[in-house]
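Here are a few exercises to work through with the model open beside you. Try each task before you read its solution.

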Amino acid sequence: MPRISKVCCQGCGSPLSVDEDTRYVTCNHCGSSLEVIHGESTTHTRLLEQLQNTTEQLTQQVRLLTLQNDLARLDKEWDRFRESVLPRLPDGTFVEPSSADWTTFGMTAVVVGAIAGLVAFLPGAGAIGLFGVIGIAVGVGCLTRDNRSAADFHQTKARYLSRREQLRRAIERDARAA
Ligand SMILES: [Zn+2]
């Protein structure tokens with residue numbers, strides 16, 4: 001004869017009788033699915049929905065960890081990329097190319113070059129005309145080449161930041177739900 005234990009339904013509090021071999025019961029009063037936990041000195045029940053919640057929480061936590069991992073990897077890749085393309089100051093901070101600086105510099109060179117070129121047409125101008133040509137060449141060179149590499153860098157940076165923001169939001173959402 002199996003031993004019968006009196007337990008309480010965790011769903012509605014009704015008294016239930018379970019034998020020692022029973023692992024799962026359904027409460028006749030409220031219909032809750034219960035797991036019967038046979039301890040050494042006591043027998044009690046646990047709602048199965050709670051068990052399911054725990055599994056969901058675990059899945060959530062694994063997903064959160066995966067996202068955090070992705071974020072860490074993204075940051076590391078970005079650091080490596082920066083390290084490979086950017087010059088550094090002695091204190092270790094990176095110098096990011098500023099397209100605005102190069103645009104100003106390039107425009108100034110073009111303008112100064114053009115003025116020098118005009119001056120070259122004045123009688124007795126001589127070598128100033130040569131500076132004009134060099135100035136324009138340097139200006140145009142700065143505007144195209146350096147602006148393009150700066151634009152590439154900033155495009156990559158924008159991609160990194162938007163991906164990072166996506167991950168950060170997903171982490172925030174999952175952390176709240178967990
Ligand atoms: Zn019940």
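**Exercise 1.** Find which residues Tyr-160 is in contact with, leaving aside its neighbours within four places in sequence.

*Solution.* Keep in mind that this is a predicted model. Start by placing the residue: Tyr-160 sits in helix H3, which covers residues 128-177. Next, skip the neighbours within four places in sequence, and you're left with contacts to Leu-74 and Trp-78. Now check the spacing for one of these: Trp-78 is 82 residues from Tyr-160 in sequence, yet their C-alpha atoms are 7.2 Å apart.

**Exercise 2.** Decide how Tyr-160 and Ala-116 each count: buried, partly exposed or exposed?

*Solution.* Take Tyr-160 to begin with. Count its C-beta neighbours inside 10 Å and you get 16. Buried needs 20 or more and exposed needs 12 or fewer, so Tyr-160 counts as partly exposed. Then move to Ala-116, which belongs to helix H2. Here there are 20 other C-beta atoms within 10 Å, so Ala-116 is buried. While you're there, look across to Val-133: it is 17 residues from Ala-116 along the chain, with 8.1 Å between the C-alpha atoms. For the background figure, 9% of the chain's 178 residues count as buried.

**Exercise 3.** Work out the strand order of the open sheet of 3 strands, and say which are its edge strands.

*Solution.* Go pair by pair. Strand E3 (residues 24-26) and strand E4 (residues 33-38) run antiparallel and are joined by 3 bridges. Within that pairing, Val-25 faces Leu-34 of E4. The two strands form a hairpin with 6 residues between them, and Gly-31 in the turn has a positive phi of about 80 degrees.

Now for the other pair. E4 is joined to strand E5 (residues 43-47) by 5 bridges, again antiparallel. You can read off the partners: Val-36 is bridged to Thr-45, and Leu-34 to Leu-47. This connection is a hairpin too, through 4 residues.

Put it together and the order is E3-E4-E5, with antiparallel pairing. E3 and E5 each pair on one side only, making them the edge strands. From one strand to the next, the twist averages 35 degrees.

**Exercise 4.** List the residues that make up the largest nonpolar core, then list what Cys-9 touches beyond four places in sequence.

*Solution.* The core has 5 residues: Val-7, Cys-9, Leu-16, Val-18 and Leu-34. You've already met Leu-34, as the residue opposite Val-25. Then pick out Cys-9 and drop everything up to four places away in sequence; what remains is Ser-14, Leu-16, Cys-27, His-29, Cys-30, Ser-32, Leu-34 and Thr-45. Two core members, Leu-16 and Leu-34, turn up among those contacts.

**Exercise 5.** Lay out the elements of the chain from the N terminus on, and say which has the lowest mean pLDDT and which the highest.

*Solution.* Tally the elements: there are 3 helices and 5 strands. In sequence they go β-β-β-β-β-α-α-α. For confidence, start with the whole chain: the mean pLDDT is 83, and 87% of residues reach 70 or more. Then go by element: helix H2 (residues 99-119) has the lowest mean, 72, while strand E2 (residues 15-19) has the highest, 91. Last, the contacts: among those between residues at least 6 apart in sequence, 43% join residues at least 24 apart.

Methods:
Residues are numbered from 1 along each chain as its sequence is written. This is a predicted model: local features need pLDDT of at least 70, side-chain atom pairs count only at pLDDT 80 or more; totals for chains, interfaces and linings use all residues. Two strands pair if DSSP finds at least two bridges between them. Axes are lines fitted to C-alpha atoms, for helices over the stretch in contact, and angles run from 0 to 180 degrees between N-to-C directions. A nonpolar core is a set of buried Ala, Val, Leu, Ile, Met, Phe, Trp, Tyr and Cys residues joined through C-beta atoms within 7 Å. Two residues are in contact if their C-beta atoms, placed from the backbone, lie within 7 Å. pLDDT is the predictor's confidence in each residue, from 0 to 100.
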